[in-house]
Amino acid sequence: MVKKLKEVCELIGGELCGDGEIEIRGVSGIKEAKEHEITFVANAKYRGEIEHTQASAVIIGKDFIPTNGENGKPTIRADNPYFAFVKVMEMFAWPKRETEYGIHETAIIGKNAQIGEQVSIQAFAVVGDNVKIGNGAVINPFVYIGDDVEIGSDVLFYPGVTIYDAVKVGNRVIIHSRAVIGSDGFGFAAVSDRYYKIPQVGTVIVEDDVEIGANSTIDRATMTNGATTIKRGTKIDNLVQVAHNVIIGEDCCIAAQSGIAGSSELKDRVTMAGQSGVAGHLTISEGNIIFAKSAVTKDTPAGSYVSGFPARPHAQQLRIQASLRKLPAMLQEFSRLQQRVLELEDKCRRINEESTGS
């Protein structure tokens, strides 16, 4: 695909500075970009990279003030240069495979299934009894959908997704390969020296515009009237574990290898960085950011930044880390002072003995 720079500018609603007739044939990072590609700078502190990039044009923020050192490259000013770049990436994305709507001859469809219009159910997919699937759904090969599942419109399930019985999935949900939605929660009762399985008979509700990464698992609730709930707009990375009866609020962002223990609730717009965790029965308030490899063990107030193990306010954790880095030198100084005290005590003892002897 080839676009004039002025066409790209029109797409993102920016302000063009320079030659709008330049041909743009692709997008790339500022260091990797080549001639006829467009790149972006979202932070003005990286402006020096513009002098060295081979890109033919650069998307910058409206608060970015060019200098004479920008190599004379055409620019497009945008309110949000990163989002503008994403829109351009969508324009130049590789050609997508045409979806063939219909039900493949090898797919298995259960009794009383209700399937909407322009749905693609591909090879070796299994759809259980009493399943409802909305319009425009794409069900890739080897997807398993259990009985009594309800699925909204325009969903995309990648190969190997597993949806257990009675789960509800909203509109425009994307679920990546090998994710498992609705598996049993980790519930066992200790009986003597053994564990007795507690039935897990609740459900999972995934609301609209949620994305769930590959190999992530979301457990169903324990009780019949309970639901593990992922609310609208939340994005879950690969390899994330969400335990039974967890509630994740709207527009949360959960990075890879994170885990949320049973019956905890994340309010809206919580961010969990990679390998972070939340203990059971906690409330993580709105707007919290949990830094990587942190373990939250108590409720947090709104707008908190927490890190460490156990997690504490991030500023406090930084002070602790700074103190720990000083610890070896402090121990050496302590040993020196300890030796000095011993020497002074010995000197005082000798002076005292000489005074008593005289």
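Reader: How many salt bridges are there, and what makes a pair count as one?

Author: The count comes to 18 salt bridges, where a pair qualifies if a side-chain nitrogen of Lys or Arg is within 4 Å of a carboxyl oxygen of Asp or Glu. Bear in mind that the model is a predicted one.

Reader: What makes Arg-232 and Glu-250 a salt bridge?

Author: Their closest N and O atoms are 3.2 Å apart, and the rule asks for within 4 Å, so the pair passes. Arg-232 sits in the loop between β27 and β28, and Glu-250 in the loop between β30 and β31, so this bridge ties together parts that are 18 residues apart in sequence.

Reader: Why are Arg-232 and Glu-250 called partly exposed?

Author: That class runs between the 20% limit for buried and the 50% limit for exposed. Arg-232 has a relative accessible area of 31%, and Glu-250 has 28%, so both land in the middle class.

Reader: On to helix α3. How do you know that Arg-340 and Glu-343 form a salt bridge?

Author: From N to O they are 3.7 Å apart, which is still within 4 Å, so the pair counts. The two residues are 3 apart in α3, so about one helical turn separates them. Arg-340 comes out at 43% relative accessible area and Glu-343 at 39%, so each is partly exposed by the 20% and 50% limits.

Reader: And what makes Arg-350 and Asp-346 a pair?

Author: Their N to O distance is 3.2 Å, so they too meet the 4 Å rule. Both lie in α3, 4 residues apart, about one turn of the helix. Arg-350 is partly exposed at 39%, and Asp-346 is partly exposed at 30%. Salt bridges with shared partners join Asp-346, Arg-349, Arg-350 and Glu-353 into one network.

Reader: Which residues make up the nonpolar surface patch, and what makes it a patch?

Author: The members are Leu-324, Leu-327, Met-330 and Leu-331, with about 400 Å² of accessible area together. Membership takes over 30% relative accessible area, no salt bridge, and nonpolar side chains joined within 5 Å. One of the members, Met-330, lies in helix α3.

Reader: How do you know that Glu-37 has no salt bridge?

Author: The nearest side chain of opposite charge, Lys-34, is 6.5 Å away. A bridge needs a distance within 4 Å, so Glu-37 goes without one. Glu-37 is buried all the same, which means its relative accessible area is under 20%. This glutamate is found in strand β5. Leaving aside residues up to four places away in sequence, its contacts include Ile-24, Val-27, Glu-32 and Ala-55.

Reader: Buried, partly exposed or exposed: what is Tyr-46 called, and why?

Author: Tyr-46 has a relative accessible area of 45%. Exposed starts over 50%, so Tyr-46 is called partly exposed. Tyr-46 belongs to the loop between β5 and β6.

Reader: How do you know where the buried residues of α2 lie around its axis?

Author: The buried set is Pro-81, Ala-84, Phe-85, Val-88 and Met-91. They cover an arc of only 105 degrees around the axis, which puts them on the same side of α2. The face turned away from that side carries the exposed residues Tyr-82 and Glu-90. As for packing, the buried residues of α2 meet β1, α1, β4, β5, β6 and β7.

Reader: How do you know the arrangement in α1?

Author: There the buried residues are Leu-5, Val-8, Cys-9 and Ile-12. Their arc is only 100 degrees, so they share one side of α1. Just after α1, Gly-13 takes a positive phi of about 65 degrees.

Reader: What makes Asn-245 and Arg-269 worth a remark on their backbone?

Author: Neither is a glycine, yet phi is positive: about 65 degrees for Asn-245 and near 60 degrees for Arg-269. Asn-245 is in the loop between β29 and β30, and Arg-269 in the loop between β33 and β34. With 24% for Asn-245 and 41% for Arg-269, both sit between 20% and 50%, so both are partly exposed.

Reader: What is the peptide bond from Phe-309 to Pro-310 called, and how do you know?

Author: The bond is cis, with omega near 0 degrees. Pro-310 lies in the loop between β39 and β40.

Notes. Residues numbered from 1 in each chain as written. Predicted model: local features only at pLDDT ≥ 70, side-chain atom pairs only at ≥ 80, totals over all residues. Heavy atoms only, no water. Buried < 20%, exposed > 50% of the residue type's maximum accessible area, 1.4 Å probe, protein only. Arc of directions from axis to C-beta. Contact = heavy atoms within 4.5 Å. Patch = residues over 30% accessible without salt bridge, like charges linked within 9 Å, V, L, I, M, F, W, Y side chains within 5 Å. Areas by Shrake-Rupley, 256 points an atom, 1.4 Å probe, with all protein chains shown as cover. Lys, Arg positive; Asp, Glu negative; His and termini not counted.
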